[in-house]
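Student: I should like to take a close look at a single part of this molecule. Would you please guide me through the contacts between its aromatic rings?

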Amino acid sequence: MWDMDAARAALPVVLSGFGVTLLATVLGFAVAVTGGLVIALLQRAGTRWITLPVRYLAAFVRSTPVMVQLFTAWVLVRELNALTIGVLVLGLHYATYLSEVYRAGIDAVPRSQWEACTALSLPRRRVWRAVVLPQAVRNVLPALGNYAVSMFKETPFLSVITVNEMVREASTFGSTHFAYLESFTLAAVVFLLASWPTSVLVRRLEARLAH
């Protein structure tokens, strides 16, 4: 049965874990957004000795479970703390997915835009910075938002490398106070309250950009 006293005691613990969860999501997604763009651009480098290794490495990362990647990095990289490792692994894992999102956004830029830049003899760097990337990023904003929500919901995997994110804190409280129902329910509610409004905003943005 539900114990209100246990729930009140669990709430501050769960919220402290939520702070770690939110931090890992924000930093990890920053890594993913930046890394995904770098991967997408490297795959268009036009040089096989760059594009092929990047493509195969990205495919390998996408094809292996993030939990395995987290545990492997935690075992091999002892110079960094667990949260830093978690942020980097999550970020790089999602960067491989976002690279495909960026690729689709770049491919969606009308060919006439490229031809106009060529006719104006614009430098390649300026073409990418001022013409292509602004349009590509606008095209993929809803997809980026969806992946941000997905990353937020996968932060509990960080518990395997001892990061005290929200689910780990809920589990620890539940085992200590024999109140798993209360602690995990509160964690689920916090996940819902944080992710659902974001999902709604992403859908609205997607509908707005479609017009």
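Tutor: Let us begin in helix α4, which spans residues 82-107; Y94 and Y97 are 3 residues apart there, which means that about one helical turn separates them. Please keep in mind that the model is predicted.

The structure holds 7 aromatic pairs. In one of them, the ring centres of Y94 and Y97 are 6.2 Å apart and the planes meet at 50°, so this pair is classed as tilted. An angle over 60 degrees would be needed for edge-to-face, and one under 30 degrees for stacked.

The surroundings of the two residues may be considered next. Y94 is buried because its relative accessibility is 4%, and the cut-off for buried is under 20%. Y97, with a relative accessibility of 27%, counts as partly exposed.

Y94 also pairs with Y147: their ring centres lie 6.1 Å apart and their planes stand at 75°, so this pair is edge-to-face. Y147 belongs to helix α6 (residues 124-154) whereas Y94 belongs to helix α4, and therefore the pair ties together parts that are 53 residues apart in sequence. Y147 has a relative accessible area of 25% and is partly exposed.

Two further features involve aromatic rings. F18, F152 and F191 form one aromatic cluster. At W74, the charged end of R78 sits over the ring, at 5.2 Å from the ring centre.

To return to the starting point, Y94 is buried; its pair with Y97 is tilted, and its pair with Y147 is edge-to-face.

Notes:
Residues numbered from 1 in each chain as written. Predicted model: local features only at pLDDT ≥ 70, side-chain atom pairs only at ≥ 80, totals over all residues. Heavy atoms only, no water. Phe/Tyr/Trp six-rings, centres within 6.5 Å; stacked < 30°, edge-to-face > 60°. Helix = DSSP H or I, 4+ residues; strand = E, 2+ residues; numbered from the N terminus. Buried < 20%, exposed > 50% of the residue type's maximum accessible area, 1.4 Å probe, protein only. Lys NZ or Arg CZ within 6 Å of the ring centre and 35° of its normal.
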